[in-house]
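Biologist: I'm new to this one. Can you put it up and walk me through it?

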Amino acid sequence: MIAKALIGLLLAAFASSPAPEHLGRSYGGRPIDAIRVGNPNGTRVLVFGAIHGNELAGIAIARALEHVRTNADLWIVPNLNPDGAARNIRQNGRGVDLNKNWSSEWHRGGHPFDTYYGGPKPFSERETRIARDLILRIRPRVTIWYHQHMNVIWAYGPSTLAGRIYARASGERLYHHHWLPGTAANWQNHTLQDSSSFTVELPAGSLTPQQVRTHVHAVLHLAEATRGPPHG
């Protein structure tokens, strides 16, 4: 009886999960999906749980956000780099650091599977193009990218206020330094008006349930605090 009751609860939870939107496939053919929850008329916030295949702690936050009740219009991409995650490497399946493959201040040089290899040209990677196209389509008020292992909130320029709000809500230190060349945050902060993008550098290792709850709270608090012009 207990086993049947547990199965029933699991099936109910699964049935209530929002249906994913298929965005595309990685170089290796793995699906990349987005989940949308909350209020379509609310503040639009986009969350990427992971972009580096060996920095996966943010996926737990992304998965938890799929089940929240919120007045925000919350878009969640749990993992932009499933090929890298499958191999436990930073880069994607073609050996490119996806967070060096964006067009703002992109640098040429290096070779596939070098630590910070930015690819043969900006947006050469299908995973980067999937993220770019989603951002341009939904025009989020704020985009949050989860990384490891600096244990800071990295924000600069137009994203400074959002990063400071998140830092206070999460109890983490604000790291106010210029974006690195070729990064997603650099690109969005220079491309979209009335929009900001910043990085949450989580600590090393897996997150505890309490740490996941803290960051979920920080995302929702940020959405509530950054009500602004409607998305276009």
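Modeller: We'll take the overall fold, then two helix pairs and one helix in the interior. Keep in mind that this is a predicted model.

Biologist: Fine. What is the secondary structure of the chain?

Modeller: The chain has seven helices and eight strands. Its radius of gyration is 17 Å, close to the 17 Å that the globule rule gives for 232 residues, so the chain is as compact as a globular protein of that length.

Biologist: What does the C-alpha trace span along its principal axes?

Modeller: About 60 × 40 × 35 Å.

Biologist: And how much of the chain is buried?

Modeller: Buried residues are 51% of the 232.

Biologist: What share of the contacts comes from residues 24 or more positions apart?

Modeller: They account for 70%, counting contacts with a separation of 6 or more.

Biologist: New topic. Is α6 enclosed or open?

Modeller: Largely enclosed by the rest of the structure, because six of its eight residues are buried. Those are A184, A185, N186, W187, Q188 and N189.

Biologist: What covers them?

Modeller: The cover includes helix α4 and two strands, β5 (142-148) and β8 (196-202).

Biologist: Stay with α4. How do the axes of α4 and α6 cross?

Modeller: At roughly 30°, and they come within 12 Å. Here α4 is residues 126-138 and α6 is residues 184-191. Angles under 35 degrees count as roughly parallel, so α4 and α6 are roughly parallel to each other. The crossing is right-handed.

Biologist: Which residues meet there?

Modeller: From α4, R132, I135 and L136. From α6, W187, Q188 and T191. By class, this contact has three nonpolar, two polar and one charged residues.

Biologist: So W187 turns up twice?

Modeller: Yes. W187 is among the buried residues of α6, and W187 also takes part in the contact with α4.

Biologist: Now the other pair. At what angle do α5 and α7 pack?

Modeller: About 140°, with the axes 8 Å apart. Helix α5 covers residues 160-170, and helix α7 covers residues 209-225. That angle makes α5 oblique to α7.

Biologist: Left-handed or right-handed?

Modeller: α5 passes α7 in a right-handed crossing.

Biologist: Which residues of α5 meet α7?

Modeller: A162, I165, Y166, A169 and S170. Their partners in α7 are T214, H215, H217, A218, V219, H221, L222 and A225.

Biologist: How do the residues of that contact divide by class?

Modeller: Eight are nonpolar, five are polar and none are charged.

Note on methods
Residues are numbered from 1 along each chain as its sequence is written. This is a predicted model: local features need pLDDT of at least 70, side-chain atom pairs count only at pLDDT 80 or more; totals for chains, interfaces and linings use all residues. Side-chain values use heavy atoms; hydrogens and water are left out. Axes are lines fitted to C-alpha atoms, for helices over the stretch in contact, and angles run from 0 to 180 degrees between N-to-C directions. Helices (H or I, at least four residues) and strands (E, at least two) are DSSP runs, numbered from the N terminus. Angles under 35 degrees count as roughly parallel, over 145 as roughly antiparallel, 65 to 115 as roughly perpendicular and the rest as oblique. A crossing is left-handed if the near helix is turned anticlockwise from the far one by less than a right angle, and right-handed if clockwise. Contact means heavy atoms within 4.5 Å. Ala, Val, Leu, Ile, Met, Phe, Trp, Tyr, Cys and Pro count as nonpolar, Asp, Glu, Lys and Arg as charged, and the others, Gly among them, as polar. The radius of gyration is taken over C-alpha atoms; the globule rule is 2.2 Å times the number of residues to the power 0.38. Buried means under 20% relative accessible area, exposed over 50%, partly exposed in between (1.4 Å probe, protein chains only).
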